[in-house]
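Open the structure in your viewer and keep the selection tool ready. The tour goes from one strand to its partners and then to a single side chain.

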Amino acid sequence: MKALSAKHRVVLAILLSGVIALAPAAQSDVVKVSDIRVEKSPSATKYVIEQSGSADFQDFLLSNPNRLVVDLVGARHALEKTQFEGDGKLVRSVRTSQFRNDPDEVTRVVFDLTDGTKYKVAKTGTSVEVSF
């Protein structure tokens with residue numbers, strides 16, 4: 001195997017340092033789920049899922065027991081806790097997790113529901129709002 005010349009070693013070192021310098025920047029571009037807060041009113045309860053940027057979401061229902069699943073596609077779980085209390089009326093509890101890392105990161109939020117709970121999920125700025 002042929003040894004690299006001094007010129008080639010310098011070029012290689014510059015290229016590698018550029019790749020290493022860009023790696024943290026790529027990680028900081030990832031959307032992070034940072035908070036879930038509850039807003040109650042006489043007519044509805046709203047869970048606001050705060051993110052550092054805008055991630056797409058998918059929602060679907062599961063049964064036995066009844067659950068609403070909201071997947072935040074392209075988002076990393078950065079919440080300090082994984083369990084949240086429900087409102088005690090329509091939502092029994094809320095659980096969160098880093099559901100998937102590859103090929104896209106997915107943060108999953110699961111709402112344990114009482115029977116017949118109706119809901120609406122909407123994106124507002126960088127937040128996702130789940131209303132019951």
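What follows is a short series of selections in a predicted model.

Start with residues 45–51, which form strand β2. Of the 7 residues in this strand, 6 are buried, so β2 is mostly covered under the cut-off of under 20% relative accessible area.

Next, add residues 31–40, strand β1. Strands β1 and β2 run antiparallel to each other and are paired over 7 bridges. The connection between β1 and β2 is a hairpin of 4 residues. To see one rung of this pairing, select R37 and V48: V48, in β2, is the bridge partner of R37.

Now add residues 127–131, strand β10. This strand also pairs with β2 in the antiparallel sense, here over 4 bridges. Select Y47 and V130 for an example, since V130 in β10 is the bridge partner of Y47.

Stay in β10 and select S127, which belongs to this strand. Is S127 buried or exposed? S127 counts as buried because its relative accessibility is 8%, and the cut-off for buried is under 20%.

Show the surroundings of S127. Beyond its neighbours within four places in sequence, S127 contacts V48, I49, E50, Q51 and A122. Which of these side chains should be displayed with S127? Pick E50: the side chains of S127 and E50 are joined by a polar contact of 3.1 Å.

Finally, draw a C-alpha to C-alpha distance from S127 to Y47. The two residues lie 80 residues apart in sequence, and their C-alpha atoms are 10.0 Å apart in space.

Definitions and conventions: Residues are numbered from 1 along each chain as its sequence is written. This is a predicted model: local features need pLDDT of at least 70, side-chain atom pairs count only at pLDDT 80 or more; totals for chains, interfaces and linings use all residues. Side-chain values use heavy atoms; hydrogens and water are left out. Buried means under 20% relative accessible area, exposed over 50%, partly exposed in between (1.4 Å probe, protein chains only). Helices (H or I, at least four residues) and strands (E, at least two) are DSSP runs, numbered from the N terminus. Two strands pair if DSSP finds at least two bridges between them. Contact means heavy atoms within 4.5 Å. A polar contact is a pair of N or O atoms within 3.5 Å; within protein, one must be able to donate a hydrogen and the other to accept it, and residues adjacent in sequence count only if both atoms are side-chain atoms.
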